[in-house]
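Subject: Structure handover and findings

Dear colleague,

I am passing on the structure we spoke about, with the sequence alongside, and my notes on what I found follow below. Please keep both open while you read.

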Amino acid sequence: MMPKECDGPGVRMGILEPRQMTGDCFFSSGQGICSGFQFVEMSSRKLKSNNLKHSECLSQVQRILRERFCHQSLHSNLFGVQVQYKHLIELLKRTAIYGESNSVLIIGPRGSGKTMLINHALKELMEVEEVSENVLQVHLNGLLQINDNIALKEITRQLNLENVVGDKVFGSFAENLSFLLEALKKGDRTSSCPVIFILDEFDLFAHHKNQTLLYNLFDISQSAQTPVAVVGLTCRLCLSEDRSVREVLQKHFNVSKNLRSLHMLLMLALNRVTSSHPFMTAADLMEANQLCSMDSKANIVHGLSVLEICLIIAMKHLNDIYEEEPFNFQMVYNEFQKFVQRKAHSVYNFEKPVVMKAFEHLQQLELIRPMERTSVNAQREYQLMKLLLDNTQIMNALQKYPNCPTDVRQWATSSLSWL
Amino acid sequence: MAHLENLVLCRESQVSTLQSLFGERHHFSFPSIFIYGHTASGKTYVTQTLLKTLELPHVFVNCVECFTLRLLLEQILNKLNHLSSSEDACPTHITCETFNDFVRLFKQVTKAESLKDQTVYIVLDKAEYLRDMEANLLPGFLRLQELTDRNVTVILLSEIVWEKFRPNTGCFEPFVLYFPDYSIGNLQKILSHDHPPEYSADFYAAYINILLGVFYTVCRDLKELRHLAVLNFPKYCEPVVKGEASERDTRKLWRNVEPHLKKAMQTVYLREISSSQWEKIQKDDTDPGQLKGLSAYTHVELPYYSKFILIAAYLASYNPARTDKRFFLKHHGKIKKTNFLKKHEKTSNHLLGPKPFPLDRLLAILYSIVDSRVAATANIFSQITSLVTLQLLTLVGHDDQLDGPKYKCTVSLDFIRAIASWPGRGGLWLYWICPDRCRPSVESDENPLIGLGGCEQKTIYQGPWSIWTQRVNYKQQGLSTICSALNDVILTLKLPETHYLGLHFAL
């Protein structure tokens, strides 16, 4: 059951589109943080020129900025989501003040500000006096409550009803939940405490058995017994990213329209700031960008031994000749032998067990992968494998490989002239 | 931090990156950090040393050790409890079954005075095993700072790149840090660092040079290289200890140690023999050529017919069935020129692996390669079953197949060569008695049996008169030829007073 299909008076949908994260707010957010840092620096410098105070205030600045980047504490500005915010707060107020049941699903890619949005809305809501006395919040997370029983216990705990429930045994989930909500009712049955349920990683709840929790929550929100607001937060699959080389923030924006990755970049640049190097410079940002955009598989290939590189080149040739059909160790060893016997001067003709050990190391690093699970009876040398690197990756990695013997390099480039 | 530089070599930039990431004690840091790099590139060592030296509150857990959810979570909580409690109090053991409970208990434990206002670090080593545990564990740890609302940073250490960790629906991306592999200069520096005090640093450095020259193209793992360096150093020092060479005589030292290192590559490096065995061999000064490793074929002693069955199985597995007629029948006639495609190299059976064959085919080939008549008795069949138990053959398909069992040969050509040429004790042994001084040597022309292909000689009894036995390769000759030749030899004896005792056919 997906909540979209649930029609009715109470269901509203709020969707955060990635497009909303426009270039302007990206840049202004980034520059704001950078210049804010400089501003704080400048103003404090004007006041004190004592060295000790200088490092102390640097420490303060670091603390504040780190909290902002890493701990995601609430900012006062919301960029680009004002419309959604208005919508959401309106909905929550209706539940909290007028007793109307509602449900909202907030969809957006990772790092697009969903949690920040709801936290902001809740903060503003709690500032209203009659709300803060009445309304209860239950925060659930799909990563923590992995089945409905745990979820129910968590709800009981968060509503502080553990004593009330005591040792009672309930026939079904629905009974339990309705008992909990009944218990929240004050003296006269007309007024009962509104409850706001916030479900983070909503898609994981939808995978529970029979989706009991979701059914019951939405059921209650329809039946108008207790005013309940159900807010779900979920992400869509993120599109894959492609890195290109340009000016740092612009480049970063093209790469990922994700505020979190911007925070990471700025955090890296912030790390360079010490008492001896008190201002963030463009060089810091460039270096931070370098760190962010490394190709990890190329790094791993960089650290392989010459024998392992030869095996990868042999696999590359097998892939070229036989068009990506899976190979086994025996075939790779055969290719390697051909190379060693005909052209190699710098590579010694190693024995089969030594080559096998190198092959197994490649398997351990997950650069090659068996096509099917290892069975006990099959010999290791004949098990079919697949290479998980493509030709461009191999050639790029070879370019950077330190002290690569020339005959190995030549072998990599000229394959078909062999046969 | 000079102290730190001495502890951690060749990793200055990584140490400074980590230090700046950590910031001051009360600062927030990245919620999760992912450190990757080759094995033995210093990830665990640097992280541990840094956290210990800076005395930051941390918990170090190995995911190979804690392979279930419960073990992992309980260990983290209990270690934290130990950290936060005072020395006298013995904290109670915390139990934790789900991640939900973990988050709740974590919040409680970190309320303690000694952990408040400081970043707590949780280090998970061999983090690739987290992928095989519950699906919510990895994303949960990456977001632990947000879920618990505390100042905590989770550090993941792994050999595998981050792209292979990322779940399908995405997760909170950690900060990814790469620990580059050591260059050859770095390796030399680190290995030279643990030279024994009796010898000079230059002497040891020359040794490391030689070691790297042999092993660097094969292995760049620092742990393995260190192990090999320690094991083989006594051999290198041998000429100096014995007084045959001085410390500066590099050529002589090199010539002494290089074959030894090459032998080490085939044995100790492959774990064919254990390190203690290797050390023993060095002490006893036996010739390393005699070494028999674990997968050497000499430890498998097969009965007579079993060897033939195994050879027949190998032939059946690697030769296609249509060539049997040609190889094994005496009169095979002409082979018609069919549309025999020139065998593309890839489909050569030696590359693809053994093919299954039915029992009948095995027996047919067996009969044709054994000279004498082989009866299809239970003896033969039980030997086939023993070979299956020894995993030299495997049974393909189900046990109770109606049209007979099918087998596959799972040994390599080297193994077959080894058992085929293994002399064993089998063959024809001729026993002689004569005065000791008259005993002919195997090489001398006077030995009457040279003409019969005699090779091995064994002494049964040595005294004024000796009894010795000589083996004759009767397979090459045929029994009748040997008997007639023997008669000739006895009649036309070249040796005086030699008595021929008899012949003994031994298996």
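According to UniProt, in an unreviewed entry, residues 204-271 of chain B carry the feature "domain: ORC5 lid". In this model, which is a predicted one, the chain over residues 204-271 of chain B is 74% helix and 0% strand, and the C-alpha atoms at its two ends lie 25 Å apart.

Chain B also holds an open sheet of 5 strands, which run in the order β2-β3-β4-β1-β5 and pair in parallel. The edges of this sheet are formed by β2 (58-62) and β5 of chain B, each of which pairs on one side only, and from one strand to the next the twist averages 20°. The parallel pairing of β2(B) with strand β3 (residues 120-125) of chain B extends over 5 bridges, and within it Val59(B) stands opposite Ile122(B) of β3(B). Two helices that pack on this sheet may be worth finding in the viewer. Helix α2(B) touches β1 (32-36), β3, β4 (152-158) and β5 of chain B, and its direction makes about 160° with that of β5(B). Helix α4 (residues 69-84) of chain B, for its part, touches β2 and β3 of chain B, with a direction that makes about 150° with that of β2(B).

Further along chain B there is an open sheet of 3 strands in the order β6-β8-β7, and here the pairing is antiparallel. Because β6 (357-358) and β7 (393-396) of chain B stand at the edges and have a single partner strand each, one side of each is left without a neighbour in the sheet. Strand β7(B) is joined to strand β8 (residues 406-409) of chain B by 4 antiparallel bridges, and in this pairing Val396(B) has Lys406(B) of β8(B) as its bridge partner. Helix α13 (residues 304-318) of chain B packs on the sheet and touches β6, β7 and β8 of chain B, its direction making about 95° with that of β8(B). Helix α17 (residues 378-389) of chain B packs on the sheet as well, touching β7 and β8 of chain B, and its direction makes about 95° with that of β7(B).

Turning to the interface, the contact draws 71 residues from chain B and 64 residues from chain A, and the area buried between the two chains is about 6000 Å², with carbon and sulfur atoms giving 57% of it. Between chain B and chain A the count of residue pairs in polar contact is 27, and the interface has 3 salt bridges. In one salt bridge, the side chains of Arg131(B) and Glu366(A) meet at 2.7 Å, N to O. Among the elements that give two or more residues to the side of chain B that touches chain A are α2 (12-22), α5 (99-109), β5 (175-178) and α11 (250-266) of chain B, and the largest share, 5 residues, comes from α5(B).

Over all chains, a search of the whole structure finds 23 salt bridges. Within chain A, Arg94(A) forms a salt bridge with Glu90(A), where the closest N and O atoms are 3.9 Å apart; both residues lie in helix α3 (residues 82-98) of chain A, 4 residues apart, which is about one turn of the helix.

With best wishes

Definitions and conventions:
Residues are numbered from 1 along each chain as its sequence is written. Chains are lettered from A and ligands numbered from 1 in the order in which they are written. This is a predicted model: local features need pLDDT of at least 70, side-chain atom pairs count only at pLDDT 80 or more; totals for chains, interfaces and linings use all residues. Side-chain values use heavy atoms; hydrogens and water are left out. Two strands pair if DSSP finds at least two bridges between them. Contact means heavy atoms within 4.5 Å. Axes are lines fitted to C-alpha atoms, for helices over the stretch in contact, and angles run from 0 to 180 degrees between N-to-C directions. UniProt positions are given in the numbering used here, feature names are shortened, and annotations may be inferred rather than shown by experiment. Buried area is the accessible area (1.4 Å probe) that two parts lose on being put together, summed over both. A salt bridge is a side-chain nitrogen of Lys or Arg within 4 Å of a carboxyl oxygen of Asp or Glu. A polar contact is a pair of N or O atoms within 3.5 Å; within protein, one must be able to donate a hydrogen and the other to accept it, and residues adjacent in sequence count only if both atoms are side-chain atoms.
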